[in-house]
Amino acid sequence: MLLAPLKKSYRIFFLIVLSCLALLFACNLYVNIFSGKYLHDGTASVPHNKCGLILGTSKYLIGGGNNQYFDNRIKAAALLFHSGIIERIICSGDNLSDKHYNEPKAMSKALQQLGVPDSVILSDREGLSTR
């Protein structure tokens, strides 16, 4: 007698989990379908633009070591500039939360080390939120 309600609870739980997985899959599919034309694996398919935007992130990880997100964003922007795909680069990031922390300055310095001239780098010093 006690097993019937227990089986019903398992069935409801299973349906909820299955519904959540289906919703997650549908959302992922939606994003992939509508953003696919904006994603590129190489420079050949990237259209020419006047500006490229680098979203800010810390150069170093909290525990120490280089942040691969920072390094890869800088390398990609430099490659796009040197390939003639973008003419200018906007470095957007936090520089107000701490006087010793300046994402746009760190990005600009890293870009210059990869041969991007300072004259084509613009700093967005109020890029406190990606939104």
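What percentage of the 131 residues of this protein count as buried? The figure is 22%. Keep in mind that you're looking at a predicted model. The protein has three helices and three strands, and if you read along the sequence you get the pattern α-β-α-β-α-β. Let's go through it topic by topic.

**Overall shape**

- The C-alpha trace of the protein spans about 80 × 40 × 25 Å along its principal axes.
- The protein has a radius of gyration of 22 Å, whereas a compact globule of 131 residues would come in near 14 Å.
- Now for contacts: if you take those with a separation of 6 or more, 62% of them are between residues 24 or more positions apart.

**The sheet**

- Three strands sit in the order β1-β2-β3 and form an open sheet, and their pairing is parallel.
- At the edges you'll find β1 (49-55) and β3 (121-124), and each of these pairs on one side only.
- On average, neighbouring strands of this sheet are turned by 25° against each other, if you ignore direction.
- Six bridges hook β1 up to β2, and these two strands run parallel.
- Want an example from that pairing? Look at Leu53, which stands opposite Ile90 in β2.
- On the other side, strand β2 (residues 86-92) is joined to β3 by four bridges, and this pair runs parallel too.
- Ile90 turns up again here, with Leu122 as its bridge partner in β3.
- Ser92 has its own opposite number in β3, namely Asp124.

**How the helices fit in**

- Start with the β-α-β unit made by β1, α2 and β2, which is right-handed.
- The chain then goes from β2 through α3 to β3, and this β-α-β crossover is right-handed.
- Which strands does helix α2 (residues 68-82) touch as it packs on the sheet? They are β1 and β2, and the direction of α2 makes about 160° with that of β2.
- Helix α3 (residues 103-113) packs on the sheet as well, touching β1, β2 and β3. The direction of α3 makes about 145° with that of β2.

**Three residues to look up**

- Arg73 lies in helix α2. With a relative accessible area of 31%, Arg73 is partly exposed.
- Leaving out residues up to four places away in sequence, Arg73 touches Ile54, Leu55, Gly56 and Thr57.
- Pick out Leu55 from that group: Leu55 and Arg73 are 18 residues apart along the chain, and their C-alpha atoms are separated by 8.1 Å.
- Ser108 has its place in helix α3. Is Ser108 buried or exposed? Ser108 counts as buried because its relative accessibility is 9%, and the cut-off for buried is under 20%.
- Again skipping residues up to four places away in sequence, the residues that Ser108 touches are Cys91, Asp118 and Ile121.
- Asn95 is in the loop between β2 and α3. Loop or not, Asn95 counts as buried, at 17% relative accessibility.
- Asn95 touches Tyr101, Asn102, Pro104, Arg125 and Leu128, if you don't count residues up to four places away in sequence.

**Cysteines**

- A disulfide is a covalent bond between the sulfur atoms of two cysteines.
- How many disulfides does the structure hold? The count is zero.
- Take Cys27, which is in no disulfide: its nearest cysteine sulfur belongs to Cys20 and is 11 Å away. To count as a disulfide, the two sulfur atoms would have to be within 2.5 Å.
- Cys27 counts as partly exposed, at 42% relative accessibility.
- Why is Cys51 not bonded to Cys91? Cys91 has the closest cysteine sulfur, but that sulfur is 11 Å from the sulfur of Cys51, so it is too far for a bond.
- Cys51 is partly exposed, with a relative accessible area of 36%.

Methods: Residues numbered from 1 in each chain as written. Predicted model: local features only at pLDDT ≥ 70, side-chain atom pairs only at ≥ 80, totals over all residues. Heavy atoms only, no water. Pairing = 2+ DSSP bridges. Axes fitted to C-alpha atoms, helices over the stretch in contact; angles between N-to-C directions. Contact = heavy atoms within 4.5 Å. Buried < 20%, exposed > 50% of the residue type's maximum accessible area, 1.4 Å probe, protein only. Right-handed = clockwise from strand over helix to strand, strands pointing away. Rg over C-alpha atoms; globule rule 2.2 N^0.38 Å.
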